[in-house]
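These are my notebook entries on what I looked up, chain by chain and contact by contact. I wrote each one down as I went, so the order is that of my own reading.

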Amino acid sequence: MPDLLGHIAQTRIVPAGRYGANDQGVTVTLVEGVCFASIATAWNRTEGLNARCAAAFGTALPTGPKRVAASGLAFIGMGPGRWLAAGFTIGDLEGRLRDAFQVDAAVCDQSDAYVLFAVSGENARAALAKLIPIDLDPSAFRPDDAATTSAATIGVTLWQESPAPVFHLAVGRSFAPSFSRALVMSAAEFGCAIVG
Amino acid sequence: MGYSVFSILADACRRHSVWTPAWRDAAPKPAYDVIVVGGGGHGLATAYYLAKEHGIRNVAVLEKGWIGSGNAGRNTTIIRSNYLLPGNEPFYEWSMKLWEGLEQDLNYNAMVSQRGVLNLFHSDAQRDAYARRGNAMILSGADAELLDVGQVRALYPFLDFDNGRFPIQGGLLQRRGGTARHDAVVWGYARAADRLGVDIVQNCEVIGFLRENGAVVGVETSRGPIRAGKVGLAVAGSSSRVAGLAGLRLPIESHVLQAFVSEGLKPLIPGVITFGAGHFYISQSDKGGLVFGGDIDGYNSYAQRGNLPTIEDVCEGGMALMPAIGRLRLLRHWGGLVDMSMDGSPIIDRTPLDGLYLNAGWCYGGFKATPASGWCFAWTLAKDEPHRLNAAYRLDRFATGALIDEKGVGAQPNLH
Amino acid sequence: MRIPCPFCGPRDAHEFAYLGDASLARPDPAAPDADALFHDYVYLRDNPAGSLRELWYHAAGCRQWLAVTRDTRTHQIAEATLVRKSEAAR
Amino acid sequence: MSRLDQGGLIDRSRPLAFSFDGRALSGFAGDTLASALLAQGETLVGRSFKYHRPRGIFAAGSDEPNALVELRTGARREPNTRATVTELYDGLVAHSQNRWPSLGFDLLAVNGLLAPILGAGFYYKTFMWPAAAWEKLYEPIIRRAAGLGTAAALPDPDHYEKAHGFCDVLVVGAGPAGLMAALTAARAGARVIVADEDFRPGGRLNAERSEIDGAPARMFVDATMAELSSLSNVRILLRTTVFGVYDTGTYGLIERVGDHLAEPAPHRPRQRMWKIVARRAILAAGAAERPIVFGGNDRPGVMLAQAFRTYVNRYAAVPADRTAFFANNDASWRAAFDAAAAGAQVQAIVDVRSAVASALADEARRWGIRIILGGQVVATEGKRLSGIEVATATGIETLAVDGLAISGGFSPNVHLTCHHGGRPVWDEAIAAFVPGAVPPGLTVAGAAAGRYGLAACLADGMAKGTEAARDLGFEGSAGAAPRADDGDTAVEPFWYVAASRGPAFVDQQNDVTAKDVKIAHGEGFRSVEHLKRYTTLGMATDQGKTSNVTGMAIMASLTGRSIAQTGTTIFRPPYTPVAIGALAGHHRGKDFRPTRPTPTHAWAEAAGAVFIETGPWLRAQYFPRPGERDWLETVTREVTAVRSGVGMIDVSTFGKIDLQGPDVGALLDRVYINNFSSLAVGKVRYGAMLREDGIVMDDGTTARLGERRYLMTTTTANAAKVYQHLEFCLQVLWPDLDVQLASVSEQWAQIAIAGPRAREVLRKVVDAGVDVENATLPYMGVIEATVMGGVRARIFRVSFSGELGYEVAVPARQGEALARAVMAAGQDFAITPYGIEALGVMRIEKGHVSGAELNGQTAAADLGLGRMASTKKDYVGRTMAGRPAFRDPDRPTLVGFKPVDGTARLRAGAHFLGIGQPADLAHDEGYMTSVAFSPALGHWIGLGLLARGPARIGERVRVYDPIRGGDIEVEICAPAFVDPEGVRLRA
C-alpha cells in the first residue's frame, strides 16, 4: 500500500487519475480559477466594515467559522475580525475589496497562496475522517459551516457549500503536493478519482 | 552480608534466605545535621556522598512516597556526557567517570552498560553543530567521534538510509555513553548510604519549613517537625511546590515527559540512537524491551501522564528512522514530572535563605547526572560553596545573564 | 486534551502553541528597577499544582492567543477566552 | 483432547490449514490459533522468559501469559503474539519462540536448575567484578537469554492509518452489559460507538451456556447486534481495542483491519488507529479470572477454569482427556458442568472451601464428578501434565489427569479507569479490586464494576446507557431489562497453597515465584511498586493481568497488612500492547513529514538542480554541469558567474508578512532593535529583532509599501515563529495597536537577480515604462510594477550576495514563468542559475550572518549588530540584553578568519585556542560558525565567534578540530571579505 504513490514525486500534486480500489467512493477535484483574498480588521472596526460589506456585496461578514455567499463572492470566517474571500471573479479581487472596505480592513491578495480541493462522493466523509480532526457528521458540520485546522500536520481551511457532501479544502500552495498524497492514501480503500 | 557471587551461593544453600533489608526503613529522629528532601537518585546520592566524602553521617533523606518513585523510577536510563557548553560538559563528564566506577563503589550491580550513544545528523548544518559539540567534549576530556553515513550503516544496518524524508548523513558517537538500570541506581545508593548511617525515611512528606529569624532550621513533615543544620531540596518536578513553602519563586516550570517500552525481544538494538530529524531516541534493555521516548508534551503539568499527539509524534519518528519496528508492540507508556528550567540547564546552589540549598532544573536529563549531582550537591552543602564543577549552575545566572542554553531557545521551558 | 477555542470550538491541544503563565505583565522599561522587574517577568514562575491561567496560541486555527484556565493536576479546563478581547475590554 | 463433532461457534464447513513449528495442522473458521492447537492436541506452545520452562495455553483471551508465538514470517514476523487472540486464517504460519534448539528440547532450560540462585535480586548482587567484564562477558549472555521473540529487522511492508471519530457515548465491550448499554443509549438517540477487542461480539455469552429471556444467549446477541447495525447513529467496531483514556474524553483505539488475513486486503491498512472524542464512555470490559498459586502450577495442561469452559463451549475443543478442577468459587463448578455436558471427562472438583451449596454438589454427582472439599493441589507431574497431588484432611492423594482447570476468583477489568491516575479500591465482598476514581465522563457497567451476575450485567448496562444518554439530553424509555439467571459466584479468598511442592509461579511469563515475593519481602522491597520492580512481577507482555492481585495478596500475607492497605500497582496504557506502526500511521518514509517545493521547483529540476532539504522545503543546492568534478567546482563556478556577470536564485522560501494599519511603524519600532517608523515609503531596511531575553530571534529586510502598509521578510526557518511573535505583541502585549497581519509567504514567488549585469537583465523582464534605474530604484528601494506583460510584481533592490541585486516577487503561480523569463532575458549575459550553496558562499564573503550565527545563543552585539540598536526607544529584549554577562568583553564576537597557510581548508564547528595554549576547556576561545571557499580570494574563509574578536584583528589564533583531525592557524580579520565598502551593490 505505501507503494500506491511510490512512483509519484513528493513535489507534485498527485496527477489526475484513479487510485486505489476499483470503485469510485471519493472524487477529488482540483478547483482552478478561484481568486482569494484575506480580510482583516481591528476588533473595534468590525461594525463599520459590516456596513460597507452590506453596501457593496449585500451581506454582512459572517461571525464565527461560517461561510456567507453573495454577489458571486464567498466570505469564510477565519478568526475574529478575519475572513477569507473567495470567488470566480475575473481580475483584481484585492482591489475590489479594498475599494469596498476602504480603511476599515486590511486586504491581501491570496489568489496564489492556496490550492483548492473539492472532495465529494459517498465515502467523502469516511476518507476525510482520516485527515480532518473535526466532526464532519451531518449533525455537527452543516452546509456553510467552515473550519480552519491541521490535517496530517498540514494547515487547511475547509467548508461545505451544499447539503450534498461536497467539502472544499483550501491548502497552502507549497503544501498541496503532500496534502494530495495524504488525501489519496485516505481515500484509496474506497477508490479515489482525481479530476481537473 | 556483602553482595558477591559467593554470598549468593552461600545463601542458596540455606533453606531460608538470610538476606536482610537492603536499607533500614528508618523512623525520623528529631534532628539531623543535614536533611535531604527527596528520595530519588539525586537525593540518595547526595546523602551517600555527604557521608562518604565529607564524613557527614547524621543525615536523613525524606521521601514522601517510596524511594525511587519519581523520575528515578520512570526515565529511559540513558547515561552520556555529550554536552556542548562549557558550563555543562565538565560536570557531565565527571558524572560519567563516577558511573564508570559506581558498582564497585556501591557494591551493587546497577548494570551500567557503556553501549555507545549515537546522535544522528541529517544536514551539513547539523553536522557542523555536532562537530562543535564533539570538539567541546574532547576539550573537556570526554570521548567523541564523528561518523559518516557508512560508519552509521555498519553499526545500525536496519535504519532507513534509502527512503528517509531527511536522509541520514552521519552521527556523533560517544562510545562511553550507554544505559544503566535506573531502579538499581536508587537501591544501590540507598543501601550504600544506609550502611554509612544515613536514615532513609519513606512516606514522610515535607509540608513546611521551620524558620528562625529568616533562616531555615528544619522541616515540617507529615510525620512531625524535624530540625536540621542544613536542608537540601532534590525534588525535581516538585521543586516549585516545595520551594514555594519557603516563599521562593523559581525559574522552573513542571512539565510532563512521556516514556515508552515495547514487549521483550531478542537483542536488536545494541546501543542508544537519537534521531536528528524528529523527536525520537531508543535503546534496548537487558530484559529485551525497547525503551524509547521523544519530546515533552509541552504544557505545565503535575499529572504524570501525557496525551496522544506526543505518543504519535514519537512513534512517527521511530517509524521514519527504523521502519522495522512497525509490527513490534508498545507495551506501556507513562509520564514523568520534569523540572524544566528557563535555560534548560540545572541549578545546584545555595538559596537566598540561609540553611536552604537547591538542586533542581534537571529538565528531562536528570538520570545521567545522578552521581555528579549528588557529588556536587553534597560538596555545596558541606562547604557552603559550589564546587568548580557546578560553579555555573548558579541560581542568579538568570539575573546576570550567564545562561547555559544548549538548545538556544531562550526562556521557554517547553521548548528546551 | 481539548481546548475550547472561543472562535473555532473544541480542538486538540496539538493545534496550539503553549507559552505559559498568563498572569505575567510586561514591566515598564522606564521603571527604576526595570532590570529586576524584567528578570522576574522573563524567568520566575509560580508553577502551581492546581489551577493555572495560561497562554495558548491557536496556530493551526484562528491564530488567536487564548487565556486558558486549566488544572495542572488533572488537565481539566475551566475556561478559555480570547486575550485581545479581554485586554481591550479593560 | 479433541474437537467435539457438534456445538461451538465454529464453522465446520470452512476448514483452515495452518502450521505450527513446521507441522501442518488444521482448524475451522471461528477458531483462534489457541483453540485450533488445543483441538489438535498441541498443548506445549511456549517457553517461559527466565527459566525457559515448557508452557501451554493458560487463558482464552488477551490475558494470556504463556502461549506467545512468532506469527507470520519474513518482514511480517510478529514476535510475542498471543495464540489466544489470534484469529485463525487459511495459511497461518506460527513458530514457538524463546527456545533453542527446539520447543521440545531447550538448552536454556538449564536456567531452571539454577533457579535457587537466580531468584529475585540475583543480578544486582553480582557480575560486578571485574568492572570491564559486564559489557564484554556477562551482559551479552544475559541479553541473549532474555528477550522473548525475535523481531524482523526488515521494513514493515504493511500500511497503517489513523482516523478521527466523534460520538456521544463510547461503549467499551460488547458483552451483555456493553450491548445493553449501547442499545439503550442508541435507542434514546445518542450517537454511539461500540468497540470490542474480539472478532465476535457477545463476550462471556460466547463462552457460557446461559439463557436470556428463556432462549439461548446467542439469540439475544444476534438480535441486539442486528438492531444496532440497523441504526444510523451507531458504529460497531469489532476487532477493536480501546487501549487508552486520554484527556477531555479522547480515547485511543486500535482496529485490526487486516490481522485476520494472511495479508491486508488491497488498499486497506493492516491496522487503523482511532482517536475518538466521546462525551461519555461506558466501560463494560468484563472481568478476568485469576489463578490459585501452587507447586507446578505452570505445567502445560493447567488452565484457567473459565478458559477451559470457553474452549469447550465456544470452540468445541476439549483441552484435556481427563480433567480436574481446582477452585475457590461456584463459577468454576458451572464451568465443570458445562465441560461435562459437552462430553468432556471431569474427574473431580477440588475446592478449598469446606462446604458448597447442596445444589452444586447434587449436580456434580449427577455428572459423576468426584467432589473434594477442603482440598488443595500441592504439586503436579509430567512435562505435559500427567497428574496432580491433592492434599486433603486425610492426606495426599494423586489423581491421574492431563488437564487441570483452576480458578482463584475474578478481577474486574478496571484498567481503563486507572489511566487518569485513579486507584482501584478493594471490595471485601467479592475479594477483588473494583474501580475507584474514574476519568471524567466514564462510567463502569457490569462485571467490570464487580457485578458478575448475568441479570445484573444486563440491568446495569441498561442503567448506565440510560444515564449517559440522559446526561446528554437524550430521553428514551429504557423498557425492561431482559430476564436471566444471576448465578452466585461465591468466592472464598484463597491465593497460595502454602504446602506447595516445586516452584509455585505467581507471574508465569516472567517466572516470578511465591519464593521471589518472599525474597523481596525479606530484603525490604515491600511496597507494591518495589515488589514489582525488584521481582518484575506484572512487567511481562500481559502486564500482570493474571498475576498482580495474587502477588499483592501474598505480599499482604507476609507483611500482615490487609490487601486494601497493601494496594495495587497502577495500570497504565495501553490496555493490551499496540503495534508501533499503528501509532505512526502513514507518517513514514518520504511521507514522514510534508515536502514543500518552491514555486520554481519544476524549472529547477529541468535545469538539472541538485536539491537539498532545508526544513520542510526542498531547495536547489547547486546546478552541476557535465564534467564538473565535485560540488565545490560547481559552486565556485556559480559564485564567479554572479560576481563577474549575473545569476539568479529562487528566494521564495523567506517568510513574508504583510502589515497594515495606522500603528505598523509603532509596532515595528517595538519589535526591531532599530527604527522603522522613520522608514520612507518605497524604501527597504534591514532589521534585527530580539527575544525578550535579549537574544537575537531573527533578521531580515522590511519594506514600506505605503503610509499604512509594510512588508516584512523573515528567515526561512523562523517564518512561523516570527508571525506568532507579532501576533503575541499585538494581542497580548499591546492590544491597543491597530495593526492587521497577514502571512503572504505562499502568495509570492521571489527570484533574486544578482551581479554586475543584473539591471540589464531586469530591464528586459519588466514591462515597458517600468523604470528600474538608480534614480527611481536605488539600493534599498522598492517599487510595484508589472513584468512579463502585465503580471503584477514587486521589485526590491536588495542584495544578500553583495552584488548589484534585485528581488522580483510575482504571484506564486507565475514563479516558474518568471524564472524562465529571467533566464531568457539573461541569455546574452550568460546568466547562471545558482543554488543555496553559492548563496551561502557569497553571504560569508560579505560577512552577513545566517542560521549558523543566529543560533539562539547570540546577542546583537555578538554579531556586530550592536550599533544598529536604537538607544532612544524601548524594544523587545532591550532590558535583558543589558545584563552584565551580555556586556562581558570576553564574550565571543563575530569576526572573519583566513588560513595562514592559504591552501588549508577551514571547517565549521572547530574551536579557537590561543597560539601555544594547551587544548583544554580553560583555553577555549570560541568556535567557527561558517566557512566557504572564496573564489574571489582563492582560499577558504570563515566566520566565527571569538572572545574579544574585534580587538584582535590581525592576530593569529589556533583552529582546533580534533574530531576531524584538524589543527591549523588562521589570521583574524574583519568579517567582510569582498567589497567591504558596499560599492558593488550600489552600482
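**Entry 1: a salt bridge within chain D**

Before looking at any pair, I wrote down the cut-off that I need here: a salt bridge is a side-chain nitrogen of Lys or Arg within 4 Å of a carboxyl oxygen of Asp or Glu. I also noted that this is a predicted model, and that side-chain atom pairs count only at pLDDT 80 or more. With that in hand I looked up Arg270(D), which forms a salt bridge with Asp259(D), and I found their closest N and O atoms to be 2.8 Å apart. That distance lies within the 4 Å of the rule, so the pair counts as a salt bridge. I then checked where the two residues lie, and both Arg270(D) and Asp259(D) are in the loop between β15 (250-255) and β16 (271-283) of chain D, eleven residues apart. For the structure as a whole, I recorded 116 salt bridges over all chains. As a general reminder to myself, side chains of opposite charge can pair when their charged atoms come close.

**Entry 2: chain D as a whole**

Next I turned to the secondary structure of chain D, which comes to 23 helices and 53 strands. Is chain D a compact globule, or is it more spread out than one? I found a radius of gyration of 38 Å, well over the 30 Å that the globule rule gives for 987 residues, so chain D is more spread out than a compact globule. I added the spans of its C-alpha trace along the principal axes, which are about 115 × 75 × 55 Å.

**Entry 3: chain D against chain B**

I then asked which chains share the most contacts. Of the five pairs of chains in contact, it is chains B and D. Chain D brings 118 residues to this contact, and chain B brings 113 residues. Between them the two chains bury about 9600 Å², with 57% of it on carbon and sulfur atoms.

For the charged pairs, I counted 15 salt bridges between chain D and chain B. One of them joins Arg143(D) to Asp286(B), with the closest N and O atoms 2.8 Å apart. I also noted 65 residue pairs in polar contact across this interface, with both residues of each pair at pLDDT 80 or more. When I asked which element of chain D gives the largest share of the side that touches chain B, I found helix α4 (residues 133-145), with six residues. By class, the side of chain D that touches chain B has 54 nonpolar, 29 polar and 35 charged residues.

I also followed the strands across this interface, where strand β16 (residues 329-341) of chain B and strand β33 (residues 578-579) of chain D run antiparallel and are joined by two bridges. The bridge partner of Arg329(B) is Ala579(D), in β33(D).

**Entry 4: chain D against chain A**

For the contact with chain A, I found 43 residues of chain D touching 48 residues of chain A. The area buried between these chains is about 3900 Å², and carbon and sulfur atoms give 50% of it. Which three residues supply more than any other three of the area that chain D buries against chain A? They are His267(D), Glu746(D) and Arg813(D), which together supply 18%.

I counted twelve salt bridges between chain D and chain A, among them the one between the side chains of Arg272(D) and Glu189(A), at 2.9 Å from N to O. The polar contacts across this interface come to 22 residue pairs, both residues at pLDDT 80 or more. Several elements of chain D give two or more residues to this side, including β9 (160-172), α16 (601-606) and α19 (719-733). Of these, β9(D) gives the most, with five residues. By class, this side of chain D divides into twelve nonpolar, 13 polar and 18 charged residues.

I also looked at chain A and chain B, which do not touch, their nearest C-alpha atoms being 10 Å apart.

**Entry 5: backbone details**

Last, I looked up two cis peptide bonds in chain D. The bond from Trp100(D) to Pro101(D) is cis, with omega near 0°, and Pro101(D) is found in the loop between β8 (92-96) and α2 (110-113). The bond from Pro573(D) to Pro574(D) is also cis, with omega near -5°, and Pro574(D) has its place in the loop between α14 (563-566) and β33 of chain D.

Key:
Residues numbered from 1 in each chain as written. Chains lettered and ligands numbered in written order. Predicted model: local features only at pLDDT ≥ 70, side-chain atom pairs only at ≥ 80, totals over all residues. Heavy atoms only, no water. Contact = heavy atoms within 4.5 Å. Buried area = accessible area lost by both parts, 1.4 Å probe. Polar contact = N/O pair within 3.5 Å; in protein donor to acceptor, adjacent residues only side chain to side chain. Helix = DSSP H or I, 4+ residues; strand = E, 2+ residues; numbered from the N terminus. Nonpolar A, V, L, I, M, F, W, Y, C, P; charged D, E, K, R; others polar. Pairing = 2+ DSSP bridges. Rg over C-alpha atoms; globule rule 2.2 N^0.38 Å.
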